[in-house]
Amino acid sequence: MVVDTSAVNRGRAVFADRDSLWLFGYGSLLYKAGFPYLEARPATITGWTRRFWQGSHDHRGTPEAPGRVATLVEDAGARCAGMAYRITHEVLEPLDIREKNGYLRFTTPMDFHDGTMEQGLVYIATESNAAFLGAAPLGDMAAHIARSIGPSGPNREYLLGVAAVLRELGVDDPHVFALEDAMLAWEADGVTGAGERAG
Ligand code: SIN
């Protein structure tokens, strides 16, 4: 179901006492920032695992045929690698629109590779949001991603983009890489062609 969390997020003003704030990106914000930032640094947050369990009705799918994109699920002790951006407060307004389909701003500590740490923001679509899809068999998720397309482009680009940056960063994320392998295998089997994907 289509949701709009932008108004809730606007009410969640945080770090108002600072000129800039840190934002942790793990999905589209990892491989396709698309917003101005003052600094970007690879970072890790603890207690969360990346999962392609969120529906996308506005970017990588449509309300009639939602795509499948990343969110974070609670996982005590787990570490999730991504990219931290130092941004100014104005950047949050367009980000709230971009992330409106179920994602809420949360605060989190983020660890940098040099051993330093900062508090910052992360957008998470929790399982209570109406666009949450949850787990499914790997092959089903892979086929779903291979077939989906939305205003921001084919869903497969999102998965390949996240996987490519994780590879560049030297990060092992078994969920992402297994999904990528399964999607490429599904496509190679000729189950779909570009025409069907574009439909
Ligand atoms: C993120 O990338 O940090 C949030 C989810 C998304 O935009 O894909």
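Visitor: Where does F15 lie in this chain?

Guide: Loops link the helices and strands. In this predicted model, F15 lies in the loop between α1 (6–10) and β1 (20–25).

Visitor: Is F15 buried or exposed?

Guide: Look at the relative accessibility, and recall that buried means under 20%. F15 has 14%, so it counts as buried.

Visitor: And what about the phi of F15?

Guide: Check the sign along with the residue type. Phi of F15 is near 60°, a positive value, and the residue is something other than glycine.

Visitor: Okay, zooming out: how many helices and strands are there in the protein chain?

Guide: You'll find seven helices and seven strands. Walk along the sequence and they come up as α-β-α-β-β-α-β-β-α-β-β-α-α-α.

Visitor: Which radius of gyration does the protein chain have, and what would a compact globule have?

Guide: Set the one against the other. With 199 residues, a compact globule would come out near 16 Å, and the protein chain has 16 Å, so the two agree. As for its extent, the C-alpha trace spans about 55 × 35 × 30 Å along the principal axes.

Visitor: How many of the 199 residues count as buried?

Guide: That's 50% of them. The accessible surface of the chain comes to about 9,000 Å², with 54% of that belonging to carbon and sulfur atoms.

Visitor: What do the contacts say about sequence separation?

Guide: Take contacts between residues at least 6 apart in sequence: 75% of these join residues at least 24 apart.

Visitor: Last one: how many positive and negative side chains are there?

Guide: Count each set, then compare their centres. There are 18 positive and 26 negative side chains, and the two centres lie 2 Å apart.

How values were computed. Residues are numbered from 1 along each chain as its sequence is written. This is a predicted model: local features need pLDDT of at least 70, side-chain atom pairs count only at pLDDT 80 or more; totals for chains, interfaces and linings use all residues. Side-chain values use heavy atoms; hydrogens and water are left out. Helices (H or I, at least four residues) and strands (E, at least two) are DSSP runs, numbered from the N terminus. Buried means under 20% relative accessible area, exposed over 50%, partly exposed in between (1.4 Å probe, protein chains only). The radius of gyration is taken over C-alpha atoms; the globule rule is 2.2 Å times the number of residues to the power 0.38. Contact means heavy atoms within 4.5 Å. Accessible areas come from the Shrake-Rupley method with a 1.4 Å probe; for residues, only the protein chains shown count as cover. Lys and Arg count as positive and Asp and Glu as negative; His and the chain ends are not counted. The place of a charge is taken as NZ of Lys, CZ of Arg, CG of Asp or CD of Glu.
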